[in-house]
Every structure is written in C-alpha cells, then in structure tokens.
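User: Hi! I have a chain open on my screen and would love a hand reading it. Could you walk me through it?

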Amino acid sequence: MKRTRIAALALAAAAAALAPALGQAATAAEGTAFLQDPAGGEKSMKSMWTKDEMHKVEGQFRFHQGVQYKTTTKPGPSGAPEWERKVADPKTLAWQPSYEFAWSVSDSTLVKKALTTKEGKHPIVVHAVLRTAKRAVAGEVREELTGSAATGRKKIAGSRRIACDTGEYTVEWSVTRSGYGTLTGTLRWDSSCEEYRTAFSADHGKQG
C-alpha cells in the first residue's frame with residue numbers, strides 16, 4: 001500500500017475517533033470535563049463539625065459541562081474517499097450541564113472529633129443553582145435523598161441546555177445533612193465553546 005494511502009487512512013481513523021458515528025441526533029462528549037469544588041484530588045472535601053463537635057459533614061461538588069453537538073456525514077480524504085465518517089458539526093455545539101454531589105457523615109462515639117464512625121442512614125439534601133452574570137437562574141437541581149448511606153455520591157442531569165459563548169456563569173451548590181449542618185460553595189464557569197469548535201474544525205470537512 002502506498003504511503004499516501006496509509007497516511008490518508010490514518011487521518012480518517014483519527015477523525016472518526018474524535019467524532020464517533022453516533023447519528024444526526026445530538027450527542028454528549030462528557031469525558032472528564034468537569035469543575036470541582038473544592039479543587040484538588042478525587043477525595044478533596046469541604047467539612048464542618050456540629051457545635052458540640054460530635055458530628056462532621058463533608059461535601060464535594062462537580063459541575064459537568066456536558067458539551068453536545070450533532071454529527072454530519074463527510075467523505076474520506078483524497079486517496080480514501082470510501083472512508084466516509086460522521087464528524088461533529090461545530091455549528092450545533094451547545095452545553096447540557098449536570099451536577100454531581102458527594103458527601104460523608106461522621107459521628108464521634110466517645111470523644112469530640114475522635115473515634116468517629118460512618119454508619120447508619122442519613123437524610124441528605126443536595127442543591128445547585130446555575131446563574132448568569134446578571135444573577136438570573138439558568139439551571140437548578142434539588143433532591144432530598146432520604147435514607148442515604150453515610151458516604152455517597154449522586155449525579156443529577158440538568159434539564160436546560162446552555163448556548164455557547166453566552167458569558168460567565170456562577171454555580172452555587174450545597175449539601176445538607178438535616179440536623180447537622182449545610183456545606184456551601186461556588187464555582188465560576190465560562191461558557192465559551194472555542195476550544196471544542198477549534199478541535200472539531202481543525203480537520204473535519206477537509207480533503208487530504
């Protein structure tokens with residue numbers, strides 16, 4: 001096989017990997033694209049003790065951007081036109097956020113802030129609001145997770161799509177263990193799609 005044809009086949013395979021053949025319906029490229037509060041590793045948590053220092057609540061929040069796009073059919077590059085593939089259409093980019101909460105509840109058995117256990121069932125309430133720069137609500141989720149384990153994680157899909165390049169947003173989140181306390185936090189998010197648009201446009205639609 002000629003070198004030019006080998007290169008063309010490799011180019012087509014790379015393009016197909018970037019935008020899988022998932023049809024014309026919008027699809028989400030979730031990956032690991034999320035913002036986390038508090039920033040840090042997988043186990044980074046915010047925490048608070050009750051006033052009597054016998055119970056501790058920890059919480060973590062992740063905002064998944066959830067970029068969406070539609071696909072379009074493109075012929076393969078010159079030398080391999082039969083390698084027709086589906087590629088992302090940059091014009092259809094949009095965001096479909098989701099909200100992920102993690103919590104941990106510890107109870108001291110004898111000594112304050114010591115000899116803690118993570119047992120039993122707990123009433124956990126998770127809440128997040130996505131706000132525009134003008135403080136308008138662009139998205140919101142809230143769930144009461146009754147009978148939750150002492151440690152857990154819950155991801156909730158948002159119901160609203162967010163248009164690309166509509167400015168900077170703020171996410172306000174909270175995790176509440178009824179009777180113990182509420183952890184809160186905020187995240188800033190830029191809705192620019194430029195990075196994805198550039199990646200999708202760099203090769204797709206061009207003939208080699």
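User: Let's start with charges. What do the side chains of Glu-172 and Arg-135 meet in?

Analyst: A salt bridge, with N to O at 2.6 Å. Keep in mind that this is a predicted model, and the distances are computed from it.

User: Which parts of the chain does that pair tie together?

Analyst: Glu-172 sits in strand S15 (residues 168–177), while Arg-135 is in the loop between strand S11 (121–131) and strand S12 (137–149), so the bridge ties together parts that are 37 residues apart in sequence. Glu-172 is partly exposed, at 23% relative accessible area. Arg-135 also counts as partly exposed, at 45%.

User: What else is going on around Arg-135? I noticed Arg-131 there. What does the side chain of Arg-131 reach?

Analyst: The backbone oxygen of Arg-135, at 3.1 Å. Arg-131 itself belongs to strand S11. Leaving out residues up to four places away in sequence, Arg-131 touches Ala-136, Val-137, Ala-138, Tyr-169, Thr-170 and Glu-172. Glu-172 therefore turns up twice: as a contact of Arg-131 and as the salt-bridge partner of Arg-135.

User: Nice. How many salt bridges does the structure hold?

Analyst: There are 13. One of them joins Lys-113 to Glu-53, with the closest N and O atoms 3.8 Å apart. Lys-113 is in the loop between S9 and S10, and Glu-53 is in the loop between strand S3 (46–49) and strand S4 (55–64), so this bridge ties together parts 60 residues apart in sequence.

User: Are those two buried, partly exposed or exposed?

Analyst: Both ends are partly exposed: Lys-113 has a relative accessible area of 46%, and Glu-53 comes in at 31%.

User: And Arg-142 with Glu-144: how far apart are N and O there?

Analyst: 3.1 Å, in a salt bridge between their side chains. Here Arg-142 is exposed, with a relative accessible area of 52%, and Glu-144 is exposed as well, at 53%.

User: Which residues are linked in a network of salt bridges?

Analyst: Glu-42, Arg-62, Glu-100 and Arg-153.

User: Let me step back a bit. How many helices and strands are there in the chain?

Analyst: Two helices and 16 strands. The chain has 208 residues, and 40% of them are buried.

User: What share of the contacts joins residues at least 24 apart?

Analyst: 69%, counting contacts between residues at least 6 apart in sequence.

User: Any example I can click on? How far apart are the C-alpha atoms of Glu-58 and Thr-182?

Analyst: They are separated by 9.3 Å, although the two residues are 124 residues apart along the chain. Glu-58 lies in strand S4. Setting aside neighbours within four places in sequence, its contacts include Met-45, Lys-46, Trp-103, Lys-118 and Leu-183.

User: Is Glu-58 buried or exposed?

Analyst: Buried, because its relative accessibility is 15% and the cut-off for buried is under 20%.

User: OK, on to the interior. Which residues touch the most other members of the largest nonpolar core?

Analyst: Phe-61, Phe-63, Tyr-99, Phe-101 and Leu-130, in a core of 32 residues. The elements that give two or more residues to this core are S4, strand S5 (67–69), S9, S11, S12, S15 and strand S16 (181–190).

User: I also have Thr-71 highlighted. Where is it found?

Analyst: In strand S6 (residues 71–74). Thr-71 is buried, with a relative accessible area of 1%. From Thr-71 to Arg-85 the C-alpha distance is 9.5 Å, and the two are 14 residues apart in sequence.

User: Last topic, the outside. How much area does the chain expose?

Analyst: About 11200 Å², and carbon and sulfur atoms supply 53% of that.

User: Which residues form a nonpolar patch on the surface?

Analyst: Leu-110, Val-111 and Leu-115 do, with about 330 Å² of accessible area together. Leu-110 is in the loop between strand S9 (98–108) and strand S10 (116–117). It is exposed, with a relative accessible area of 70%. Lys-113, from the bridge with Glu-53, lies in the loop between S9 and S10 too.

User: Great, I'll look at that loop next. Thanks!

Definitions and conventions:
Residues numbered from 1 in each chain as written. Predicted model: local features only at pLDDT ≥ 70, side-chain atom pairs only at ≥ 80, totals over all residues. Heavy atoms only, no water. Helix = DSSP H or I, 4+ residues; strand = E, 2+ residues; numbered from the N terminus. Buried < 20%, exposed > 50% of the residue type's maximum accessible area, 1.4 Å probe, protein only. Contact = heavy atoms within 4.5 Å. Areas by Shrake-Rupley, 256 points an atom, 1.4 Å probe, with all protein chains shown as cover. Patch = residues over 30% accessible without salt bridge, like charges linked within 9 Å, V, L, I, M, F, W, Y side chains within 5 Å. Salt bridge = Lys/Arg side-chain N within 4 Å of Asp/Glu carboxyl O. Polar contact = N/O pair within 3.5 Å; in protein donor to acceptor, adjacent residues only side chain to side chain. Core = buried A, V, L, I, M, F, W, Y, C linked by side-chain atoms within 4.5 Å.
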